[in-house]
Amino acid sequence: MDFNLTQEQRHIREEIRRACREFPDAYWREVDGKGEYPDAFVRKLTELGWLAAPIPEEYGGAGLGITESSIILEEINRSGGNATACHAQMYTMGTLLRHGSAEQKKRYLPQIAAGELRLQAFAVTEPNAGSETTRIQTTAARRGDKYVVHGQKIFISRVLQSDLMLLLARTTPYDQLEDKTRGLSVFLVDLREAKGKMEVKPLDLMINHHTNSVFFDGLEVPGENLIGEEGMGFRYIIDGWNAERILVAAEAIGDGRWFIERAARYANERVVFGRPIGANQGIQFPIAQAHARVEAADLVRFQAATKFDRTERCGAEANMAKFLASEAAWEAANACLTTHGGYGFASEYDVERKFRETRLLTIAPVSNNLVLAYLAQHVLGMPKSY
Amino acid sequence: MNIVVCGKVIPASSVTIEIDPATKRMARKGVTHELDPAAASAVEEGLRLTEKHGGTVTLVTMGISDATIGIRNALAMGATSAVHVLDDAVAGSDTLGTAKVLAAAIKKLPFDLVICATESSDSYSGIVPGQVAHLLGIPPVTFAREITLDGNRITIKRQSEGGYDVVEAALPVVVTTTSGINEPRYPQLKGIMAAKKKEIKIYTAAELGLSADQVGEAGAKEKVLTVGRPPKRQAGKVVVDEGEGGKQIADFLAELKII
Ligand SMILES: Cc1cc2nc3c(=O)[nH]c(=O)nc-3n(C[C@H](O)[C@H](O)[C@H](O)COP(=O)(O)OP(=O)(O)OC[C@H]3O[C@@H](n4cnc5c(N)ncnc54)[C@H](O)[C@@H]3O)c2cc1C
């Protein structure tokens, strides 16, 4: 396989890198410290059209593939920033593009592309259903031409910073289903109209993701905001998983490269016992090893992305890329922290912030255990383990 | 309004410049290039003028094949098309040779206004725009920190040491822009996509009617004899404050007649 980027893809990489330079470490440090949403950053990227990359040209986007979208998210993380503030729009876009009606696309996509509407929230996880998505209990009951939603979600990010939210809710009770993967439906919720029937309680987490508990108390969603067919929601979400995994992998690659660059630089600069600490194999080998792992993961990521963009089956590659990249980034994070010694814990070096941020990628949006379960069962033909 | 912007694509600011000892020239091949930030300002000014008055912006550049990335950048910002003089024969041109090439390329285009940066950010000679104006037979209007157009007239605020002069001229002219004239825009993603479809016209020196002895190393009247590093700076004087550091500094400055 040939993973040389096209001239246009290289140009995209150069330009997103340049745009990110306007938001240096100090910006991200401040936003993180204050627990703020990186609003200026998201605005700038939206204005330049970066977040509309996967939206088709007819709706005002750039009509680009997962390869390009992944390069954009990678470069944000590689610059020292954190793409989570704006990645959900790319993660979820496939659901809307593939399964949304022409009417829904016409109504929302041009405004999303123009930056007038933000679709940065995606509500799946519940207290009693994390990894086991088919067990969600939040219900959406049909009442005439609308659905009425009751229940609770947890760990739902950016609800307060978004105008639109994709919601997965149960439309048929679990015990009435023969096929347990049915009975769930996806809705596009207009958060601007949800006041009073929905309560959002921010959670205090290790990272600045603007993550909340969300309580639905009779929220009304117009029937026209149901995406695709009722009861098919889980399938639609699964359809988006490969794209999501490739994008997460790219963010991890970006983190990994950031850690390795910082670690190598510091290893050359810091002199202890009369020589740079990088002269010690105990310091340089872990960095070199992490580098090799990040670069290897990157190849699988591009293999997955290339297949995805050619509409070939890529479940195996997408899952392997997510696993390898998030583990490699975490290894790089550890090597970087070790290299920085005590200074790695000082926020002004940014290592501790990135360290916290990259750790998430092994757990969310999907835990690596579930990724391995997929590989074992669907690629290697072993029994289902859960 | 047809605007031509002369701009150079140079090694990126992140690149450590090496001098090739054989040619005594900057080693340019194979290093990452970017549109000179000074040229980006000139392109930006051209775009702002055509956004107001209508018309086209054409980038004219002379450079090696690595320059394509910078040309695409200008096109992604919004330039209409580009002309790239790409020819081994022009390598090693001195400023006059460069000006001959640029002027010959500009003459192939319709133009009302030529915009150049005051000087490039890699070699800082600052002579080329004046030479281009001479070869085109039109006036140079230099150091513009603000440009306004009104029909056939251009008015600039010309940066001077203490402030600015207002200079007016009839088009066509060559105008040079100062670095502070504007903040060049970042290309939009859609601009990057559109750039792919825009034309980059490539010329050799011969196609511009220039013979091999007029340009390049062969035509150069300037010769680089040696290239050296600037002398090492002397170690500074360190004042240790043991209660009267301030006085020592004041004495030192007085000695230099600064205070
Ligand atoms: C910062 C942050 C932001 C988030 N944002 C969102 C969001 O915007 N929207 C959203 O819907 N969700 C969001 N999440 C939730 C996230 O997707 C879940 O936390 C994740 O899917 C794991 O679910 P869980 O926490 O319930 O873990 P559990 O399902 O309780 O699992 C706990 C642990 O057990 C392991 N495990 C479970 N079953 C098995 C098995 N069969 N074999 C092996 N191991 C197993 C898991 O891998 C995990 O390590 C976010 C989470 C965080 C931390």
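Let's start at one loop. Pro172(B) is found in the loop between β11 and β12 of chain B. The peptide bond leading into Pro172(B), from Leu171(B), is cis, with omega near 0°. Keep in mind that this is a predicted model.

Now follow the chain into β12(B). Is this strand enclosed or open? Five of its five residues are buried, so β12(B) is largely enclosed by the rest of the structure. Look at where the side chains go. Val173(B), Val175(B) and Thr177(B) point one way. Val174(B) and Thr176(B) point the other way. All of these are buried.

What are the neighbours of β12(B) in the sheet? Strand β8 of chain B, residues 113-117, is joined to β12(B), residues 173-177, by five bridges. The two strands run parallel. Here are some partners. Cys116(B) has Thr176(B) as its bridge partner. Ala117(B) stands opposite Thr177(B). Then there is β9(B), which is joined to β12(B) by three bridges. That pair is parallel too. In it, Pro140(B) has Val174(B) as its bridge partner. A general reminder: strands of a sheet pair through backbone hydrogen bonds, either parallel or antiparallel.

Step back to the whole sheet. It is open and has nine strands. The order is β11-β10-β9-β12-β8-β1-β6-β7-β13 in chain B, and the pairing is mixed. Which strands sit at the edges? They are β11 (164-170) and β13 (200-203) of chain B, and each pairs on one side only. From one strand to the next, the twist averages 30°.

Helices pack on this sheet. Take α1 of chain B, residues 37-53. Helix α1 touches β1 (2-6), β6 (56-62), β8, β9 (140-150) and β12 of chain B. Its direction makes about 150° with that of β8(B). Next, take α4 of chain B, residues 128-136. Helix α4 lies across β1, β8, β9 and β12 of chain B. It runs at about 170° to β12(B). So much for the sheet and its helices.

Some totals for chain B. There are seven helices and 13 strands. The C-alpha trace spans about 70 × 50 × 40 Å along its principal axes. Of the 259 residues, 41% count as buried. Now take the contacts in chain B with a separation of 6 or more. Residues 24 or more positions apart account for 72% of them.

On to how the chains meet. How many residues does each chain give to the contact? Chain A gives twelve and chain B gives ten. On the chain A side, six are nonpolar, two are polar and four are charged.

Chain A itself is divided into domain 1 (7-117), domain 2 (120-231) and domain 3 (235-379). The C-alpha centres of domain 2 and domain 3 of chain A lie 31 Å apart. Their contact takes nine residues from domain 2 and eight residues from domain 3. The domain 2 side has six nonpolar residues, three polar and no charged.

That brings us to the ligand. Where does the ligand lie? Domain 2 and domain 3 of chain A both give residues to its shell, so the ligand lies between them. The ligand is surrounded by 23 residues. The closest are Val124(A), Gly130(A), Ser131(A), Ser367(A) and Tyr386(A). Three elements of chain A give two or more residues to the shell: β1 (119-123), β3 (146-157) and α11 (368-379). By type, the shell has 14 nonpolar residues, nine polar and no charged.

Last, some backbone details in chain A. There is a cis peptide bond here as well, from Ala364(A) to Pro365(A), with omega near 0°. Pro365(A) lies in the loop between α10 (351-360) and α11 of chain A.

Now for positive phi. His210(A) has a phi of about 55°, although it is not a glycine. You will find His210(A) in the loop between β6 (198-202) and β7 (211-222) of chain A. Is His210(A) buried or exposed? With 23 C-beta neighbours inside 10 Å, His210(A) counts as buried.

Asp350(A) also has a positive phi, about 70°, and is not a glycine. Asp350(A) lies in the loop between α9 (315-340) and α10 of chain A. Asp350(A) is buried, with 21 other C-beta atoms within 10 Å.

Notes:
Residues are numbered from 1 along each chain as its sequence is written. Chains are lettered from A and ligands numbered from 1 in the order in which they are written. This is a predicted model: local features need pLDDT of at least 70, side-chain atom pairs count only at pLDDT 80 or more; totals for chains, interfaces and linings use all residues. A residue is near a molecule or strand if its C-beta atom, placed from the backbone, lies within 6 Å of it. Helices (H or I, at least four residues) and strands (E, at least two) are DSSP runs, numbered from the N terminus. Ala, Val, Leu, Ile, Met, Phe, Trp, Tyr, Cys and Pro count as nonpolar, Asp, Glu, Lys and Arg as charged, and the others, Gly among them, as polar. Domain bounds come from an automatic or database domain assignment. Two strands pair if DSSP finds at least two bridges between them. Axes are lines fitted to C-alpha atoms, for helices over the stretch in contact, and angles run from 0 to 180 degrees between N-to-C directions. Two residues are in contact if their C-beta atoms, placed from the backbone, lie within 7 Å. A residue is buried if 20 or more other C-beta atoms lie within 10 Å of its own, exposed if 12 or fewer, and partly exposed in between; C-beta atoms are placed from the backbone.
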